[in-house]
Number of protein chains: 2
Amino acid sequence: MTVSEPTPVPDRSAEPAAAAEYALHAAEERFIEGMGLALEEDRLPRIAGRLVGLLIVSPRPQRFDHLAERLRVSRGSISTNTRLLENMGVIERVTRPGDRRDYFQINEQPGLLQRVADRFRDRQAMAEEMKQALAPGADGGDVVGDRLDGLIRFYAILADSLNSMLAAIEEAGGNSRSGAP
Amino acid sequence: MTVSEPTPVPDRSAEPAAAAEYALHAAEERFIEGMGLALEEDRLPRIAGRLVGLLIVSPRPQRFDHLAERLRVSRGSISTNTRLLENMGVIERVTRPGDRRDYFQINEQPGLLQRVADRFRDRQAMAEEMKQALAPGADGGDVVGDRLDGLIRFYAILADSLNSMLAAIEEAGGNSRSGAP
DNA sequence: CGGTTTGTTTTGTCAAGACTGAACAAGGTG
DNA sequence: CACCTTGTTCAGTCTTGACAAAACAAACCG
């Protein structure tokens, strides 16, 4: 996971007191970009990934327009991607009385996790259907049947470990949960 | 995983004897298309996925040109995608003495699996790096730290179960192994 | 009511990547 | 040697999707 340095690297040699501060910021930047790439591999827009990253490292809900300027993207993109993540259950839109603006935080319900688990289940089902149609003792030694069994087991294990993880999180109650992308 | 029926659906009412045969073929078609979509989600070209699907359900190595006509795709695409999968260790190119043509079969070494596991490890490392940079007792209750811990655990578990699976396969020796995409 | 803030939707541009078809290379074979 | 066969590579087309910018809607404020 390699992420290039954020474009303008401020000269920090002048203010040694801010060194730790700076290191944190750089790490954050890297993490956010990393999440952008990571979630992009899961077929989400890069901005959505960055949003998740930013919200993970944000202790408090973030304002809509703040997201736009922090990530340096258009408000339109924020709107689209927040809604996307909202529908997926990954982030949550929160409001405050007497405040017209929207805030966002990562949702404690692990939406993405469920999603991924379901995908594995689908693939497992697909392999099982194929196995079904194959009829029992076919060609010598039934190579194909064995392969399909392997595939089925593969997807099953992945889906299972995700599901048991989900259950564990659910059971653990309100603490230390994440959107787990 | 929904896959539309292959374009020309032959009328099988006339030859009842071929019904089972037909059912198998239809299931194969569905499986192949399904693998196309499934591997596409893993950032591989659709044709590569179909190739994997086809080779999984093929008891014997398949000829290069046969692949092209079976999937109704140009030879160029077959060439590109077979090489891609070959480099990934997912399929294997085999030849026969006195035969100038190339044959392909799915490789027994689970290349894709390793790949996926590595990806999870990378993400785990990313989250750990962020956690490092965060310094210990930060904001009240350290929400962010807890979230990162959850994330780290998440990726770790996935990578671990994949790795233990890989080990199990390795140990099981020569039987019932698959490219496990 | 006009004007402002906040967020959404739409429109257009751009880039990435998949795929085809044709040109190409490298071996066989008559 | 001319001519297949087999596979690779290259150039061009097409599709997809992300994104920005602008138009838009809605709520609020004066």
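A nonpolar core is taken here as a set of buried Ala, Val, Leu, Ile, Met, Phe, Trp, Tyr and Cys residues joined through side-chain atoms within 4.5 Å. In this predicted model, the largest such core holds 93 residues, and the members touching the most others are Phe31(A), Ile56(A), Phe31(B) and Ile56(B). Nonpolar side chains tend to be buried together in soluble globular proteins.

Phe31(B) offers a handy view of this core. Setting aside neighbours within four places in sequence, Phe31(B) is in contact with Gly53(B), Ile56(B) and Val57(B) from chain B, and with Met126(A), Ala127(A), Met130(A), Leu148(A) and Leu151(A) from chain A.

Attention now turns to the DNA. DNA strand C is surrounded by 17 residues, the closest being Arg75(A), Ser79(A), Arg83(A), Asp102(A) and Ser77(B). Sorted by class, the surface near the strand comprises nine charged, four polar and four nonpolar residues. Two helices, α4 (75-88) of chain A and α2 (46-56) of chain B, each provide at least two residues of this surface, with α4(A) giving the largest share at four residues.

On the DNA side, sugar or phosphate accounts for 67% of the strand C atoms within 4 Å of the protein, while the rest belong to bases. Individual polar pairs involve both kinds of group. For the bases, a polar side-chain atom of Arg75(A) sits 2.5 Å from a base nitrogen of DNA strand C, and a side-chain N or O atom of Arg100(A) is 3.0 Å from a base oxygen. For the backbone, a side-chain N or O atom of Arg83(A) lies 3.0 Å from a phosphate oxygen of DNA strand C.

Conventions:
Residues are numbered from 1 along each chain as its sequence is written. Chains are lettered from A and ligands numbered from 1 in the order in which they are written. This is a predicted model: local features need pLDDT of at least 70, side-chain atom pairs count only at pLDDT 80 or more; totals for chains, interfaces and linings use all residues. Side-chain values use heavy atoms; hydrogens and water are left out. A residue is near a molecule or strand if one of its heavy atoms lies within 4 Å of it. A polar contact is a pair of N or O atoms within 3.5 Å; within protein, one must be able to donate a hydrogen and the other to accept it, and residues adjacent in sequence count only if both atoms are side-chain atoms. Ala, Val, Leu, Ile, Met, Phe, Trp, Tyr, Cys and Pro count as nonpolar, Asp, Glu, Lys and Arg as charged, and the others, Gly among them, as polar. Buried means under 20% relative accessible area, exposed over 50%, partly exposed in between (1.4 Å probe, protein chains only). Contact means heavy atoms within 4.5 Å.
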